[in-house]
Amino acid sequence: MSSSEWRDVCDKFQNAQSLSCEESLNDPVNEPYRSKYKARELLREIHCTLKSLEAAEGEDESEGDAAEQRATEAFVDGQRDELFTGGLCGDSPAAMLTAKLAAVEYYLGVNHAETEELSAGHEHLMKCVMLLEGCRVSSENVSLSIHVRNELGIMWTRRDEAERALRFLQTAEFIYQRYMKEDGSPPMDKTEYFTAEEKLLTDQERTEKFEFIYTYTKYYLAQVYKIVGETERAATYCHSTLQRLLPLKQFNRLEWALNAATLSQYYVSKGQFMEGRHCLSAASVILASADVPSEAAAQESEAASEQREKHRMQSAHISRCWIKYCLNLLEDAKKLLEDNAGELDTDHQDELKRARRLGEEEEEKSRKSALLFGSEDTFDSIASLEEKVPCLFPLDFSEARAVFLVGQSHVKKAKEYFQMEGHVTDHVEILQDHSALFRTLAFFEEDLEARCKMHKRRIDMLEPVCNELNAQYYLMIRRQMMFELAETYDEMMNLKMIRANTQADTQSLDKHSIKKINHLCSSAVKYFQMFLDSLRSLDGKFPEKLEEDVLRPALVARFRMARLYSKLICSLPSAQLENLNESLDNYMWVTRYCEDHPEAAAAAETELELSQEMVELLPFKINRLKLATAANN
C-alpha cells in the first residue's frame, strides 16, 4: 500500500473518531446515533481495505475466517502463559496487520454497544479477542488486549453475567501485570494503529495512557467483585483505583471525592476507623480543590448552575458520611464499655485506658502505611485534617465529646443542602443521626441532669417533625420517630427515677418531681401507643399476625408500656389499680401473642420471659391493693 493510500486510511479513522466522540454530541433527538452510524461505515471501509491488504500479502484467509467462526462459539478467557509465548511475534508485519484488524473490530464493537446493539457489539469484540489470540502479547498489542477485555467486562456486567465479566477483567489484569514484569516498555496505544508517524505519541504519553487503561480495569474489577459478594476485594480494588487516579490528575474530583467517602463506609462497617477517617479526609480535601463556579456565574449560565449545585450536593453527601463515621465510632465505643445493664463499666474503662497508654495505637499506625492517599499537593492537607478528627475509641466524656462535635458540625452542613422542603426523607434521616449522636454522647456523661438535657434535645428536634409529617406518605418514617420518641421519654423517666431514689434518704419526692416523672411516663406511653395504632388497618383493626419488620418493635412497645404503667406515681388507690390493670393487660398481650404465634418468641425472648413472670405476680399485687383499699374504706 502506498503512503498516500495509507494516509487516506488514517484520515478515515480520524474522521470516524471525530464523528463518534465530538459530532455525535450534537446529533438531533430524532436521530440520536446519526454520527455514530456514519463512523461505523468509515470503520467498515477501513476493515475492507485491511482485508484486501491481507489477501494481497498472501496471508491465509482461512485462518482469519476460522478466527471469526471461533468468536461465535463458546469462549472462556483465562490467565494463560500461551498469551505471551504462542502466536505471531508482536512486531512482525503479519502481527501488526492482525493487530490493526483487531483494532477495527474493537472500534466496531464499541460503536455497536454505544448504539444499543449489544449482540453485534459483543460479536465484534470477540473477533478482536480471537484475532489477538493469534499474536503473542507485546508492546504493539498489549494495550488493545486490555482495552477489549475491559469492554467485554462492562458488557457482561450490563447483562447481569458478573462471573463472565470477572474472567475477562481478571485476564486483563493478568496481562498488565505479566507485561510489566517481563517487558514494561511504553506500549503502543490503540489509536496509533492509524496515526501518521509524525503524530505518534511520546513514550511518556504512552505510559500515561497505558496506566489509565489499567486503572479502569481495577475500577471495573471493584464493581464486579462487589456484585459477586466479595466485598473485601471490592474495597481493596476501589481503594487502589482511587490511589492510582490521584497522580494521573485525569479524574473528576467530585466523583473521586464521593467514591472515597463511600469507601469509608465499608471501612467503618468493619471497625477500621483509621482507614475510614483517611478516606473521608481525602474526600474532603479533593472536593475542596475542585473548581466551583461562582454564584454570579451560576446565575448567568445553566451549566455553571448545575455544576455549582452538584458540588453542594456532593459536599452534603460527604458530610453525611462523616456523620456516620462519628456515630459508628461512638456506638462501637459504647458497646465496648457498657456492662450488662447498659451502663458505663468503669473497671473496663480503666483497663482500656491503661492498654492505650502501652501503645496499642502503634499497631493502627503501621496498618495505615499501605493505604495512604495523596499526591505532593494534597498529602499535607489530608494529614492535617486527619489530626483534627479522632479515630481511636473514645474512653471518657471528653474524648466522646470531641467526636460528637465533629459529627454535629457535619449535621449542620448536611442540613444546609438537605432541607425539609424538597428533601424530607434525607432531612429526617439526618435528624435521626443527630439524635443518635446525642444518645451515644449521653452514655459517657456521668451527671444525670446533663444526660436528661441531652435526651431533651433529642425530643425537641424530633417531636415537631414527627407531628408535622403526613401520616399517609411518610408512614415508615413516622413509625421510626414515634418509637424513638417513646424510648427517649422512657429513658428520661428512668434517669429522673434514679435521681429521685438517690435523694430519697435526705428528702421526700416533691410534687414537681412527681409531676415531671408522670409526664415523662405518660408521654412515653403515648408514643408507644401511637406506634401500635399506626399498625392498624384502615378500618381500625389491629393485625392478627404482625409483619416481620414490626414484630419485635410491637412486642417491645407492649412490654415497655406495661412497665411504664406500673411506674406512674398515684396517691389514689383507685388510680393505682387502674394503672396496674393496664400494666397486666399489656404483659398478657405479649404472652398471648407468643402463645398464638410460637415463632414470635425468638424475636423478644427477654421481654417474653419477664412478661410471663409479671402475669403470675401482678394479680397478687392487684388483689393486695384491692383488699387494702376495702379495709381502709
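1. A cavity is a set of grid points where a 1.4 Å probe fits but cannot get out. By that test, this structure holds 3 cavities of 30 Å³ or more. Note that the model is predicted.

2. Start with the second largest cavity. About 60 Å³ of space lies in it. Its lining is made up of Leu83, Val129, Leu132, Glu133, Cys135, Val137, Asn141, Ser145, Arg149 and Ile175. Two elements give two or more residues each: helix H6 (118-133) and helix H7 (142-158). H6 gives the most, with 3 residues. By class, the lining of this cavity splits into 6 nonpolar, 2 polar and 2 charged residues.

3. Now the pockets. The largest pocket encloses about 970 Å³ of space. Its lining counts 32 residues. Nearest the centre lie Arg439, Phe483, Glu487, Glu491 and Arg560. When you turn the model, look for these five residues to find the middle of the pocket.

4. Which helices supply at least two residues each to the lining of the largest pocket? They are H19 (424-444), H20 (448-468), H21 (475-503) and H23, the last of these spanning 548-567. H21 brings the largest share, 12 residues. Charged residues number 15 in this lining, against 12 nonpolar and 5 polar.

5. The second largest pocket holds about 730 Å³ of space. It is lined by 27 residues, and those nearest its centre are Tyr106, Val110, Glu114, Glu151 and Lys190. Helices H1 (3-21), H2 (34-56), H5 (93-114), H7 (142-158) and H9 (203-227) each give two or more residues to this lining. The class count here is 14 nonpolar, 6 polar and 7 charged. H7 thus appears in two places: it contributes to this pocket and to the second largest cavity.

6. On domains, the assignment for the protein chain gives two entries. Domain 1 covers 76-191 + 200-251, and domain 2 covers 252-292 + 304-340 + 369-419. Their centres, taken over C-alpha atoms, are separated by 34 Å. The contact between them takes 11 residues from domain 1 and 17 residues from domain 2.

7. The largest nonpolar core has 160 residues. Phe194, Trp256 and Tyr325 touch the most other members. Where does this core lie with respect to domain 1 and domain 2? It lies between them, because both domains give residues to it. In general, nonpolar side chains in soluble globular proteins tend to be buried together.

8. Tyr325 deserves a look of its own. Leaving out residues up to four places away in sequence, Tyr325 touches Val268, Phe273, Gly276, Arg277, Leu280, Val389, Pro390 and Cys391. Another core, of 13 residues, lies apart from the largest one. Among its members are Val137, Phe174, Tyr176 and Tyr179. Val137 also lines the second largest cavity.

9. Last, a single loop residue. Ser534 sits in the loop between helix H22 (511-533) and helix H23 (548-567). Is Ser534 buried or exposed? Ser534 is buried, because its relative accessible area is 15% and the cut-off for buried is under 20%. Beyond its neighbours within four places in sequence, Ser534 is in contact with Leu475, Arg479 and Met482. These three residue numbers fall in the range of H21 (475-503), the helix that gives the largest share of the lining of the largest pocket.

Key. Residues are numbered from 1 along each chain as its sequence is written. This is a predicted model: local features need pLDDT of at least 70, side-chain atom pairs count only at pLDDT 80 or more; totals for chains, interfaces and linings use all residues. Side-chain values use heavy atoms; hydrogens and water are left out. Helices (H or I, at least four residues) and strands (E, at least two) are DSSP runs, numbered from the N terminus. Buried means under 20% relative accessible area, exposed over 50%, partly exposed in between (1.4 Å probe, protein chains only). Contact means heavy atoms within 4.5 Å. On a 1 Å grid over the protein atoms alone, a cavity is a set of points where a 1.4 Å probe fits but cannot get out, and a pocket is an open set with protein on both sides within 12 Å along at least five of seven lines; lining residues have an atom within 4 Å of a point. Grid points are joined across faces, edges and corners, and a volume is the space filled by probe spheres set on the points. Ala, Val, Leu, Ile, Met, Phe, Trp, Tyr, Cys and Pro count as nonpolar, Asp, Glu, Lys and Arg as charged, and the others, Gly among them, as polar. A nonpolar core is a set of buried Ala, Val, Leu, Ile, Met, Phe, Trp, Tyr and Cys residues joined through side-chain atoms within 4.5 Å. Domain bounds come from an automatic or database domain assignment.
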